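Please look over the sequence and the fold before reading on. The paragraphs below go through some of the contacts and then through sheet, helices and surface.

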Amino acid sequence: MNIHQITEIASWLFLLYGIIICSGYCFAAIFSFLEIRDYKRKNNFQAEFALLQSSSLPTISILAPAYNEEANVVENVRSLLTLNYPSYEIVIINDGSKDETLQRLIDTFKLELEEFLYHPFIPSKEVRGIYKSKNESFKNLTIIDKVNGGKADALNTGINVCDNDIICCIDVDCILESDALLKLVKPFLNNSKKVIASGGIIRVANSCTIEDGRILEVKLPDTFLARAQIIEYFRAFLMGRMAWSRLDGLLLISGAFGMFDKETVIAVGGYNHETVGEDMELLVRMRKKMREDKVPYTVGFVPNPLCWTEVPQKWGVLHRQRNRWTRGTAETLMLHKKMLFNPKYGVLGLLSTPYWFFFEWLAPIIEFLGLVYLILITIFTTPNYWVYLIFFGVVYTFAILFSITALFFEEFSFQQYKRPKYIIKLLGTILLEPLIYHPFVMWASVKGNWDLIHGKKTWGAMARTGLGSKKS
């Protein structure tokens, strides 16, 4: 087989892969549109107001790990204290912070150490103390101080301490909409199947006007990096997870904001602290157990923008985040590899896990190999540059149209960015994102796989600028 035949075969393989993944994106767009349309028809403000008056709503425990979060922790606890829900408790787990996280909480909310009988349903690191406030305004607030063990271990400690049967796990740097719990709990109500989890849409809080833990005005970030992540979140949530929700094939509920059935979480052993992708791994393990136990179940997903989070503003921080996401995805897929193409697991085995394997985990690697292949054939052969230019144009145009469609879904659904200049800036970001942002994220993912092979387990520092009160 000569070099010409090898390059022709490789070209056809890359083309076939591209056609399959683009077809998958098109189907995802169709399913997502149908899901958003149906959700808007079935849900309205009046129904939520009536739900708020109900005395039968389940009580919820909000669990928020905090490690070196002094920049945001007070503001975000204030946000949690103002949520519009009849009965809930807030459990902040200080995971051995080295900064002033714990002291800021103690000083702001007048916390005092109290006696507490701790029963570890799930093994976790030592608890050094549990704090409560004597102030009636903060009676539903509990602070756990523990030895550092990572996010998964902190959440397991919170599960051991909390009182309620439904747990809501969030990142402490997030800000929730006032009715976030009302919306997210809906899948758990009046469902013929056992609901094991429910997730919602995450939005970008950078540059928004925030006061007393609430989003007063949604603003578009000034930096290209943050705007590119807004577009990416549109695609991931409005055109990705919405489609998987319609197929009941979700493998991931964002660790930033997700609701779970505590009994099922404890039954599967809680969060796995041996992976950096603990949120995805937990949901996959819960779904796997339900299928193996032959329990009819479902996972809910709410398309409302319920949670706002600070995204990386620096390229180095973004690289560490995406490196970790890649390692977490790979670890989860390897831990549950028996599900791949296994009809025993239904949609999960025949559709969800194969998709995540070939088009989430392997996609950056294949894309990187494609670039290496292009460089090699340019060096060692005489390629038809017109063909490659046309191919590049087709791929670039598809990427632009897909992102524009995601932006349309945002306008069709919830219209968070109301100013015309914001839409214009987002369109400009869409034009540049495939050329600047996407190659960087691809490289971070490739590096994540390399680090996985070499046994890297650390999260990496996630520096934050803080989401304190910002007034116009």
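**Salt bridges, sheet and surface**

A count of the salt bridges comes to 22. The model they are taken from is a predicted one.

One of these salt bridges joins the side chains of R246 and E35, with N and O 3.0 Å apart. Its two residues come from distant parts of the chain: R246 belongs to helix 7 and E35 to helix 1 (residues 3-42), with their positions 211 residues apart in sequence. How exposed are the two partners? R246 has 34% relative accessibility and counts as partly exposed. E35 has a relative accessible area of 18%, and because the cut-off for buried is under 20%, E35 counts as buried.

R246 also meets the side chain of D38 in a salt bridge, again given as 3.0 Å from N to O. D38 lies in helix 1 and R246 in helix 7, so this pair ties together parts of the chain that are 208 residues apart in sequence. D38 is buried, at 16% relative accessible area. Through shared partners, salt bridges join E35, R37, D38 and R246 into one network.

A further salt bridge is formed by D153 and K146, whose closest N and O atoms are 2.7 Å apart. Are D153 and K146 buried or exposed? Both are buried.

The strands come next. An open sheet is built from 10 strands in the order 3-4-5-2-1-6-11-8-12-7, and its pairing is mixed. Which strands form the edges? They are strand 3 (111-114) and strand 7 (175-176), each of which pairs on one side only.

At one of these edges, strand 7 pairs with strand 12 (residues 297-309) in the antiparallel sense, over 2 bridges. Here L176 stands opposite C307 of strand 12.

Elsewhere in the sheet order, strand 1 (residues 60-66) and strand 2 pair in the parallel sense over 7 bridges. P65 has I93 of strand 2 as its bridge partner. Strand 2 (residues 88-95) is mostly covered, with 8 of its 8 residues buried. In a regular strand, side chains alternate between the two faces of the sheet. In strand 2, Y88, I90, I92 and N94 point one way, while E89, V91, I93 and D95 point the other way. The residues of both sets are buried.

Helix 14 (residues 437-453) allows a check on its length. At 1.5 Å a residue, its 17 residues should span 24 Å, because the expected span is 1.5 Å times one less than the number of residues. The C-alpha atoms at its ends are 25 Å apart, which agrees with that expectation.

Which residues of helix 14 are buried? They are Y437, V441, M442, A444, S445, V446, G448, N449, D451 and L452. The cover over these buried residues includes helix 7 (224-246), helix 10 (315-335), helix 11 (346-380) and helix 13 (420-432). Helix 7 thus appears both in this cover and as the helix that holds R246.

Just after helix 14, G455 takes a positive phi of about 80°. K456 is placed in the segment after helix 14. At 33% relative accessibility, K456 counts as partly exposed. Which residues does K456 touch, leaving aside its neighbours within four places in sequence? The contacts are with R327 and D451, and D451 is one of the buried residues of helix 14. K456 and V276 are 180 residues apart in sequence, yet their C-alpha atoms are 9.8 Å apart in space.

The last stop is on the surface. W315, W386, L389, F392, L431, L432, L435 and I436 form a nonpolar patch there, and together they have about 830 Å² of accessible area. Two elements, helix 12 (385-413) and helix 13, give two or more residues to this patch. Helix 12 gives the most, with 3 residues. W386 is found in helix 12. Its relative accessible area is 64%, and because exposed means over 50%, W386 counts as exposed. Helix 13, the other of these contributors, is also among the elements that cover the buried residues of helix 14.

Note on methods. Residues are numbered from 1 along each chain as its sequence is written. This is a predicted model: local features need pLDDT of at least 70, side-chain atom pairs count only at pLDDT 80 or more; totals for chains, interfaces and linings use all residues. Side-chain values use heavy atoms; hydrogens and water are left out. Helices (H or I, at least four residues) and strands (E, at least two) are DSSP runs, numbered from the N terminus. Buried means under 20% relative accessible area, exposed over 50%, partly exposed in between (1.4 Å probe, protein chains only). Contact means heavy atoms within 4.5 Å. Patches are made of residues with over 30% relative accessible area and no salt bridge: like charges are joined within 9 Å, nonpolar side chains (Val, Leu, Ile, Met, Phe, Trp, Tyr) within 5 Å. Accessible areas come from the Shrake-Rupley method with a 1.4 Å probe; for residues, only the protein chains shown count as cover. A salt bridge is a side-chain nitrogen of Lys or Arg within 4 Å of a carboxyl oxygen of Asp or Glu. Two strands pair if DSSP finds at least two bridges between them.
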